[in-house]
Amino acid sequence: MGTIISLIVPIITFSQNNVTIMKLIKYSSIFVGIITILVNPLCAQTYHAYVAAESDDQVYQIAFNAETEEGSVSDIIPVGQYPTETEGPHGINVGLKGEYWYLSIAHGTPYGWLYKFETGSNKFIDRTELGMFPASLETSKATGLLYVVNFNLHGDMEPSTVSVVDPEAMSVIKNIKTGIMPHGSRITGNGKFQYHVSMMTDELMEINTTNMKLSRRLSLSQKDDNLPRVKPTWADPHPQKNLVYVAGNGSDEIIEVDTDNWKILRRFEAGKAPYNLEVSNNGKHLVASYKGEAATGIWDLESGEEVAKVANSRKVTHGVSITPDSKYAFISVEGIGGQAGSVDVINLNTQERADVIEVGKQAGGIIYWKTTSK
Amino acid sequence: MKKAISLAITLCFIALITVPTWAQDSSYQIVLQPSTLSLEVDDTTTINGSILDPDGNTVQDSVAFYSRNSKSVSVSSDGKLKALKPGTFEIIAYAMAPNDDRLTKKLTVDVAYPPVTDIKFVKMPKKVYTKTALSVAYKITDAKGFNRENVEVEFSSSNSNVAYVDQFERLQSKKPGTTTITATAKEVSASWEVTVIENPVTSITLDHEKSPVRTGDVVHFKAIPKNKNGKAVNDAPVQYSFISQTDDNLGEAAAGQIQPDGRFVANQPGLYTITAKSGSAVSESTIRVNARNVQQELQVVGKGIISDVHTSDLWVWEGVDGGDYAITGTWGGNGEAYFWDVSDPANMSIIDTVTVDARTVNDVKISKDGRIGVITREGASDRKNGIVILDVSDPHNVSIISEYTKGLTGGVHNAFIYKDHVFAVNNGRRYDIIDISDPKNPTTVSRFELDTPGHSIHDVWVENGIAYSSNWDDGIVAVDVGSTPAAQSPERHSTGVGSLDNPVKLGSYSYPSGWNHAAFPFKSQSTDDFYVIAGDEAFPNGLNIEDGPTQPAGWIHFVKFEDGWDAPKEVARYQIPEAGTHNFWVKDDTLYIAYYNAGLRIVDISGELMGNLYEQGREIAKHIPTHPEGRISNAAMTWGPQPYKGYIFVSDWNSGIWAYKLQDSNTQGTN
């Protein structure tokens, strides 16, 4: 059904000058809407996602059946070049059309890599070398290009870059200089701006995806002592409003930034060490992983209140990915030592953990892929 | 309800298919000027792009550009383009349409090769002897000064009865006279006048010194071409070859090999006739090659099976109490290092365990005095890996002295202890040299990192002040960290050019596979030759972590530096088919190899080395350690060996620790 809607929406956009066509499409859309409402409760939705196990050099393809609320592992994909060394798959995302998934490998020779795999078959397609410890990544709808932050976690304290990659040719076309330890990047729905944080300079960074330049930077700290206090680790733009939310890993807060006026609107006192966060597609909830608390926080963005804190299945909560229908949040949880990682699936309506899917060690980067119906 | 749904779906489908197809296409498009580009190297031009609406009206007069091959064709975002290298490349124009659709347009740029402007013969002699063959050397350059190797060259001879160039680009001299050889490439040509004179060689003497000869022994044949007066003709080329009559000639493979300089080695026992030829003169010499006969029985003395986790490296040492102990690491587990009492190798047992925050403790090392241990960490839950320094003076009660992560958070895969310093392989990027003379307060004193593109490092071993690192694509690298006169090195090496706080690179050697995983210095006790032995690691068939055997690849490379650090030569190998090497150790003239799926291999590397030692009867003993209760049952993945007090201790990734002893043999070699 989502596919039909996705076909209709651009047609509506384009056909604004043609009244007849518009009417036809309008009525069709109404039918589709009705069918969506009627059919949805009858269909068993299964959500599919990918999660990287950083200390096992594996990526897990997982599935979660919303009817039974049971999850399972669909495939385990070994990644990297040196099987006896830990190369650290870290950031993961699915391309615009859902045909490919992309993975950053942190430890390279010495630079890290971006890998490209076909979704479903999980067949390796190509790879290209990036900067030091590449981390989160996303493709822009505006340019079709991939933007990867080079976290440089283990390097010297010096400005790093955002690599811009042509995902078809798998070649780096530009490296944009940014702050120190850039991390946690996401792109606006229209694809025009990429937001990431500079962890060791306490800044939110904005990149104009079209001209591939750093367009704005905003200090997140409340002090002027040049010491990293907020230590931001993630930024996610609101799906409808001109807002960006930042995880203050060092200051235990979530920060709301108004991108129209480029200023901080609200600071929310959060759980310990918020690490990743994501705003649900309906704009209602923000889900944040509390890395230092082994918990996940669910926030009501309108009230600015944390409405639930869900304990995770083991220590070191890491990544967040919410299904497009805003019903479930997939949370990757790293574990410690030889402990396996996990994905906790949280029902955002009941605000309870629905299931735990066992995956590889140090589960980190996680991304929703698709929904299927029986 | 079902009927309602069915009707609704049908109506929806009809509605969809009645939407005109044009309505599904934005029809905005990028138009480029020019639409095709053919350039020459260094040409510059500007591309202009605009967006047209469905009616062909320009709605935007600029677009952005990028190059998919910016090192070959560069382009600025506003379309200023420069051709840098010959070939075919792609420029992408992109923009957002007024309706926010993403538009792209591909422009193919053909950059022509510059015209060939010159061809020259390189160091070709003016005179050659009849009935000889000589490879022709030449150099082609183009208008941009690049050397060109992709140009077809045609050769002609003004008198092919005197000499001509054959299809393999060798000059074949036939009879006395003078001819001009012409090489033509595109529009340019070069000439080489060569005089062929009668070959004065009428006889050859062919001698060698070594006798008796065993398989694997390198025999130096010396041929001296002479004229009719018996005088040596030193500039006459000599070609060597041989025929063999092996003792076992039932479908044998290659029986031996001979080098252009007359060095010969036999793989099989038998009779060998070596032939030396110059012009029409030929000489033969027949030798008897005996079996090397170095094989010995290898007794499995004991084993300590580890079933629940993969075992990584090991180190065996004499404790301060005089007992014998071993430490083994773990791979992909819970960050454990096991301490063993191996005083009785038949009954090895774990006496203590240290657990750190890591998934892999890959490497384990103990200081010479048996008091300090260093273990490496990868996969720490806080991503602060580094090393952990241990007090091992009582191996029954090991304690952690300190954890050192400064600058080492990215993961330490291997380490080496040398003179109160730890060489820690840092994040696969470099090694940090850390002073641990105060083990509670380690301090980094220096770093060594290559500057090659895409460089990496896997392991490092230090002896007599020279650090030998293994660096995948960059091969083996020798670095002076305070070398002493005892350093096993080429004769021309000046000692002490570097120090622990100022490491200085001496030399390196890389090979095409890029599989270099280990390096070990070796000064032959029998010949005084100096080698750096390089080991591979490769998994072309993947690595089975949970079940089933793994079939790695790779071999041992013997690299000689007899003409100095800047003149390495790979002279021999030890390669087992369908198996792959891991760590190894040299003691005296014996090589101990953990050959993954091929188990422990003990190899005689005495004497000069040439060819594949595996085929030369040099293998003294082998054992493939497997166990049904191993982490992976009955699958050898032998990780590391260490000869120690007459025993050989081995760690196996799938089964734990093993102890062996070579049995005295009555069938020693003939030397």
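This is a guided tour of a predicted model, taken one selection at a time.

**Stop 1: chain B as a whole**

Select chain B and colour by secondary structure. Chain B holds 57 strands and one helix. Along its principal axes, the C-alpha atoms occupy a box of roughly 95 × 85 × 60 Å. The radius of gyration of chain B is 33 Å, whereas a compact globule of 671 residues would have one near 26 Å. Of the 671 residues in chain B, 45% are buried. Among the contacts in chain B with a separation of 6 or more, 55% join residues 24 or more positions apart.

**Stop 2: the domains of chain B**

Colour chain B by domain next. Domain 1 covers 27-112, domain 2 covers 116-197, domain 3 covers 203-290 and domain 4 covers 298-662. Show domain 2 and domain 4 of chain B together: their C-alpha centres are 51 Å apart.

**Stop 3: the nonpolar cores**

Which residues touch the most other members of the largest nonpolar core? Select B:Ala326, B:Ile387, B:Phe423, B:Ala424, B:Tyr468 and B:Val532, which hold that position in a core of 147 residues. Then add strand E38 (residues 412-418) of chain B, which gives the most to this core, with five residues. A separate core of 116 residues lies apart from this one, and A:Ile92, A:Ala363, B:Val63 and B:Met96 are among its members.

Return to B:Ala424 and show its surroundings. Leaving out residues up to four places away in sequence, B:Ala424 touches B:Ile387, B:Leu408, B:Val412, B:Ala415, B:Tyr431, B:Asp432 and B:Ile434.

**Stop 4: the domains of chain A**

Move to chain A and colour domain 1 (6-36) and domain 2 (43-373). The centres of these two domains of chain A, taken over C-alpha atoms, are separated by 34 Å.

**Stop 5: strand E25 of chain A**

Select residues 328-333 of chain A, which form strand E25. Is E25(A) enclosed or open to the outside? E25(A) is largely enclosed by the rest of the structure, because six of its six residues are buried.

Now show the side chains. In a regular strand, side chains alternate between the two faces of the sheet. On one side of E25(A) are A:Tyr328, A:Phe330 and A:Ser332, and on the other are A:Ala329, A:Ile331 and A:Val333; both faces are covered.

**Stop 6: the neighbouring strands**

Add strand E24 (residues 317-322) of chain A, which runs antiparallel to E25(A) and is joined to it by four bridges. The two strands form a hairpin with five residues between them. In the turn, A:Ser326 has a positive phi of about 65 degrees.

Then add strand E26 (residues 341-347) of chain A. E25(A) pairs with E26(A) in the antiparallel sense over six bridges. Within this pairing, A:Ile331 stands opposite A:Asp344.

**Stop 7: A:Val333**

Finish by centring on A:Val333, in strand E25 of chain A. Why is A:Val333 counted as buried? There are 29 other C-beta atoms within 10 Å of A:Val333, and a residue is buried if 20 or more lie within that distance.

Opposite A:Val333 stands A:Thr317. A:Asn312 is 21 residues from A:Val333 in sequence, yet their C-alpha atoms are 7.3 Å apart in space. Beyond residues up to four places away in sequence, A:Val333 touches residues including A:Ser313, A:Arg314, A:Val316, A:His318, A:Gly341, A:Ser342 and A:Asp344. A:Ala363 is also touched by A:Val333, and A:Ala363 belongs to the core of 116 residues from the third stop.

Note on methods
Residues are numbered from 1 along each chain as its sequence is written. Chains are lettered from A and ligands numbered from 1 in the order in which they are written. This is a predicted model: local features need pLDDT of at least 70, side-chain atom pairs count only at pLDDT 80 or more; totals for chains, interfaces and linings use all residues. The radius of gyration is taken over C-alpha atoms; the globule rule is 2.2 Å times the number of residues to the power 0.38. A residue is buried if 20 or more other C-beta atoms lie within 10 Å of its own, exposed if 12 or fewer, and partly exposed in between; C-beta atoms are placed from the backbone. Two residues are in contact if their C-beta atoms, placed from the backbone, lie within 7 Å. Domain bounds come from an automatic or database domain assignment. Two strands pair if DSSP finds at least two bridges between them. A nonpolar core is a set of buried Ala, Val, Leu, Ile, Met, Phe, Trp, Tyr and Cys residues joined through C-beta atoms within 7 Å.
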